[in-house]
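Trainee: I have the sequence and the model open on my bench computer. Could you take me through one part of it closely, and then show me how that part sits within the whole?

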Amino acid sequence: MTKIYLCKNAIKDNSIDDSIILIYDNWDDYGFVTTFNVYYYGSEIDENENHYLGYIKIASTELSLDGQRRTYDIISKQSDNASKLIEIDPLSENIYSIAPTNMFYKNIFSIFEKGKANEILEQLKDITILSPEKYNALQSNENLKDVLQKSLLRTDYAKCVFDLSNVKNQYSAKAKSDPESVYIFLKELTDSQYNDECNQNLNEIIKDFVQNSPFYQEAKFIVEPIISYIVKFELQDTFQQTIDAIEQSFPSEIDLLEKITNHKDISNIVADIKNILSVDEDDLKNETLKLGHYTNTSVLPKLISSTVIPTESDSSSSSFLRLTNSRQLNDPTEGKILFKYLTFKEMDDVGFIHSHVYIASASTSLDNLPMWKQYGDDARGVCLVYDNDYLVHLMESYGSAISICKVFYLDSSVNKLEQLKTKNEREERLIDKLIELRNYLKKNDIDSYTLGELERLALCFKSDKYSYEEEYRIMQNTEQMNEEDCHFTLEKNKTFDFPFLYLYLEKVRLKYKEVILGTKSIDVDYIGPYLKHCEPNINIKKSEVPYR
């Protein structure tokens, strides 16, 4: 755990590692002296280098205008030695801190990974990460009212994040189960939509902050996440007061209405395209669509497991669908070919984009020789056909975070959308929407929001060289999932000697309706007893493809 030291003056000590140093500042806030400059020493960044993180204010219930006014004297409880480091970890429970500007929080979450940053904030008794119980205790403590008003909450930023801490504690499921800072709460605000009461509170707090904040560079760390939240969930009406305040206070910095309108436009176009490609639940319920995938027989115990007797290779009593991060798929043009038709440049031109989308591929080509050769271990493997009730249950359990989409294959021999041939009315509507999207991109800049929309959409398109696969994709967007539902694993890939990132959907047990054995696969007499033990109603049959 990171150590915390107190000191009167900045020092250089090469023996210190992984330590926070609080340097006393004699700034006087109407009688209270609570300010400390915060430095980090340690090899977490650069060995034996000190890094200035920003300044914070620390208060104690022992401070009062007619008594002790300096936090340093209360914390140190030692002789006044300007060069001496005083270890103060842990701080007592009657100590609270907050940063008057965003600099400290921005630096600490930029330098350290989230868990480490949260740990440091907890050690410093930072108000923005307090549990609901501790925050309520702070609010009701009469001894802290003067120092909060005159010192800790003197800046508009501090007042805002103090009030946002209350909102976070009331409405964030994450904050109720684990420590969560306001900084992360804002960054992850678009992960889920909050209820009307929460939104109204947010609107009131942000509106007041914007009206009183003279500098956009400070305000943007709160304003920009709110804008993204408003845009994503179309909450313009609820946040109209905030929108008016932003336009009035920062007219030269951000054209909010244009940003909201543009983002809404592209969101609508992308949603229309996804709707055209998405599988209808009715097609699954009435069995007009059958989806499956090819794999090796060696992984069957992981995919079809006993609900009664665990196997030797897998002690788990249930199997779950595993999805791969979309950046780690086999096709090198994955998620890139659509850009050729929309922006006339390759996806590589925009650099690496981390993806929150995870994919499991499926196909309607369930007994096909090229598929057996490429994905079914040269017909020594199996083709597993999903149980449609399972797929429906999966969609119902994860809501808008999951979708099953048909892959559209783009003719790589042409360069313009107008040149693409269509087979039916549905494909005609799709091309029309893609042309609309291309025209939008010609007129508007491709910002990070637009790029994110395009990146997710592009995963539904591939080169026609892969059209024989007749692929569908089960796609899960972790940005729209609760953190507790995201079960990530790192597993060695058979091709590369380093871990790949996978996501397991553990709300619903994986279930298959049928197993098709490749023509060179294990004899049904050997594999049948196991499959029937695990799934008594599963259908087992041999491939009809003549291949040896």
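Mentor: Happy to; we will begin with one strand and its partners, and then visit a few single residues and the chain as a whole.

Please keep in mind throughout that this is a predicted model. Our part is strand S17, which covers residues 512–517. S17 is mostly covered, with 5 of its 6 residues buried. On one hand, S17 pairs with strand S10 (residues 382–386); the two run antiparallel and are joined by 5 bridges. To find that pairing on your screen, look for leucine 384, whose bridge partner in S17 is valine 515. S17 also pairs with strand S18 (residues 539–542), this time in the parallel sense and over 4 bridges. A good landmark here is isoleucine 516, which has lysine 541 of S18 as its bridge partner. As you compare these landmarks, a general point may help: in a regular strand, side chains alternate between the two faces of the sheet.

How does the chain get from S17 to S18? Helix H20 (residues 524–534) belongs to the path, and S17, H20 and S18 together make a right-handed β-α-β unit.

For another covered element, turn to helix H19, residues 448–458. Of its 11 residues, 10 are buried. Among them are Tyr449, Leu451 and Leu454, but also Glu453, Glu455 and Arg456.

Glutamate 471 is worth a stop too. This residue is found in strand S14, which spans residues 471–477. Its relative accessibility is 4%, and because the cut-off for buried is under 20%, glutamate 471 counts as buried. What does glutamate 471 touch, not counting residues up to four places away in sequence? The list is Ser361, Ala362, Ser363, Lys406, Val407, Tyr409 and Lys462. Within its own strand, the side chain of glutamate 471 makes a polar contact of 2.8 Å with that of arginine 473. Leucine 291 lies 180 residues away from glutamate 471 in sequence, yet their C-alpha atoms are 9.0 Å apart in space.

Loops can be covered as well. Threonine 190 sits in the loop between helices H8 (182–187) and H9 (196–212), and at 17% relative accessibility threonine 190 is buried. Leaving aside neighbours within four places in sequence, threonine 190 is in contact with Ser228, Tyr229, Lys232, Phe233 and Glu479.

Two other loop residues deserve a look for their backbone. Most residues other than glycine have a negative phi. Aspartate 18, however, has a positive phi, near 50°, and tyrosine 30 likewise has a positive phi near 50°. Aspartate 18 is in the loop between strands S1 (3–7) and S2 (19–24), while tyrosine 30 is in the loop between S2 and strand S3 (35–42). Aspartate 18 is buried, with a relative accessible area of 19%, whereas tyrosine 30 is exposed at 57%.

Now step back to the whole protein. There are 20 helices and 18 strands, and 51% of the 548 residues are buried. Among contacts between residues at least 6 apart in sequence, 72% join residues at least 24 apart. The protein exposes about 26000 Å², of which carbon and sulfur atoms supply 45%.

Finally, a word on confidence: the mean pLDDT is 86, and 89% of residues reach 70 or more. Over residues 308–316, though, the pLDDT is below 50, and this stretch has 8 contacts in the model beyond near neighbours in sequence.

Methods. Residues are numbered from 1 along each chain as its sequence is written. This is a predicted model: local features need pLDDT of at least 70, side-chain atom pairs count only at pLDDT 80 or more; totals for chains, interfaces and linings use all residues. Side-chain values use heavy atoms; hydrogens and water are left out. Buried means under 20% relative accessible area, exposed over 50%, partly exposed in between (1.4 Å probe, protein chains only). Contact means heavy atoms within 4.5 Å. A polar contact is a pair of N or O atoms within 3.5 Å; within protein, one must be able to donate a hydrogen and the other to accept it, and residues adjacent in sequence count only if both atoms are side-chain atoms. Two strands pair if DSSP finds at least two bridges between them. A crossover is right-handed if, with the strands pointing away from the viewer, the path from the first strand over the helix to the second runs clockwise. pLDDT is the predictor's confidence in each residue, from 0 to 100. Accessible areas come from the Shrake-Rupley method with a 1.4 Å probe; for residues, only the protein chains shown count as cover.
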